[in-house]
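Me: Could you take a close look at one part of this structure for me, the largest nonpolar core, and then walk outward through the helix contacts around it? I'd enjoy one connected account rather than a list.

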Amino acid sequence: MGSADWLKENLEKVFALPAPAVEWLLMLWGAIQVFDDVADGDPVEREELNAAIWNTLVGINQNAFWLANSQTLAPVIASMILKWQASDQAERAGKADARSFGWRAGYYDVVLMAVALCHGTQRATQYARQVMELYGETLEDYIKEFSHA
């Protein structure tokens, strides 16, 4: 099962998010993966690039979950982007550490906010650890990847 499939399964079955929220979160996740690959100089399949272009410029903005919650979600996304940029700066400067590792997981802040918006803060509190544990990279692997940066 690919990581997008695994993420979708968790969003649908574990966190019971409605279809528009799942679709929006998956569009955002796919775009982030493409942007990260481009920033790192990794190859990007044309189909993935086309999806990222469409989803960031059209699909995300037409999604019912986004339309209903954009004022709450936009600042969380802004923070996610700034945290990713901070981690990228640390990595490129050869200063990757446990702090910069945590900055990379901002997408899961967005997922947690989506859970709160869909189910309320009490349920989001109950799910918070499970949501944050969706971040699959370990600190050990991260440090190995950037120990020679």
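Reply: Happy to. The largest nonpolar core holds 34 residues, and W24, L25 and Y107 are the ones that touch the most other members. Please keep in mind that this is a predicted model. At least two core residues come from each of α1 (3-14), α2 (19-40), α4 (64-92), α6 (107-119), α7 (121-132) and α8 (139-146). The largest share belongs to α2, which supplies 7 residues. As general background, nonpolar side chains tend to be buried together in soluble globular proteins.

Y107 is a good place to look around from. Setting aside neighbours within four places in sequence, Y107 is in contact with L7, L25, L26, L28, W29, I32 and M80. One of these partners, L25, is also among the core residues that touch the most other members.

M80 takes us to the pairing of α4 with α6, since M80 of α4 and Y107 of α6 are both part of that contact. The axes of these two helices come within 9 Å, with a crossing angle of roughly 155°. Because angles over 145 degrees count as roughly antiparallel, α4 is roughly antiparallel to α6. The crossing of the two is right-handed. On the α4 side, the contact uses F65, N69, T72, L73, V76, I77, M80 and K83, and these meet Y107, D109, V110, M113, A114, L117 and C118 of α6. By residue type, this contact has 11 nonpolar, 2 polar and 2 charged members.

D109 deserves a pause here. This residue is found in helix α6, and its relative accessibility of 27% means that D109 counts as partly exposed. Not counting residues up to four places away in sequence, D109 touches V76, K83 and M132. Two of those partners, V76 and K83, appear on the α4 side of the helix contact just described. For a sense of distance, D109 and I53 are 56 residues apart in sequence, and their C-alpha atoms are 23 Å apart in space.

Now back to α2, the helix with the largest share of the core. The axes of α2 and helix α3 (residues 46-62) come within 9 Å and cross at roughly 130°. The two helices are therefore oblique to each other, and α2 passes α3 in a left-handed crossing. From α2, the contact draws on W24, M27, L28, A31, V34 and F35, while α3 brings E48, L49, A52, N55, T56, G59 and I60. These residues divide into 9 nonpolar, 3 polar and 1 charged. W24 thus has a place in this contact as well as among the core members that touch the most others, and L28 belongs to this contact as well as to the partners of Y107.

On the α3 side, N55 is worth zooming in on. N55 is found in helix α3 and, at 16% relative accessibility, counts as buried. Leaving out neighbours within four places in sequence, its contacts are M27 and I60. M27 lies on the α2 side of the helix contact, and I60 on the α3 side.

I60 then leads on to where α3 meets α4, for there I60, N61 and Q62 of α3 meet A64, W66 and L67 of α4. Here the axes come within 5 Å and cross at roughly 85°, which makes α3 roughly perpendicular to α4. The contact consists of 4 nonpolar, 2 polar and no charged residues.

Finally, let's visit α1, another of the helices that supply core residues. V14 lies in this helix and, with 30% relative accessibility, counts as partly exposed. Beyond its neighbours within four places in sequence, V14 is in contact with E9, Y127 and Q130. V14 and E137 are 123 residues apart in sequence and 20 Å apart in space, taken C-alpha to C-alpha. A16 sits in the loop between α1 and α2. Its phi is positive, at about 50°, although A16 is not a glycine. A16 is also partly exposed, with a relative accessible area of 37%.

Key: Residues numbered from 1 in each chain as written. Predicted model: local features only at pLDDT ≥ 70, side-chain atom pairs only at ≥ 80, totals over all residues. Heavy atoms only, no water. Core = buried A, V, L, I, M, F, W, Y, C linked by side-chain atoms within 4.5 Å. Buried < 20%, exposed > 50% of the residue type's maximum accessible area, 1.4 Å probe, protein only. Helix = DSSP H or I, 4+ residues; strand = E, 2+ residues; numbered from the N terminus. Contact = heavy atoms within 4.5 Å. Axes fitted to C-alpha atoms, helices over the stretch in contact; angles between N-to-C directions. Parallel < 35°, antiparallel > 145°, perpendicular 65-115°, else oblique. Left-handed = near helix turned anticlockwise from the far one by under 90°. Nonpolar A, V, L, I, M, F, W, Y, C, P; charged D, E, K, R; others polar.
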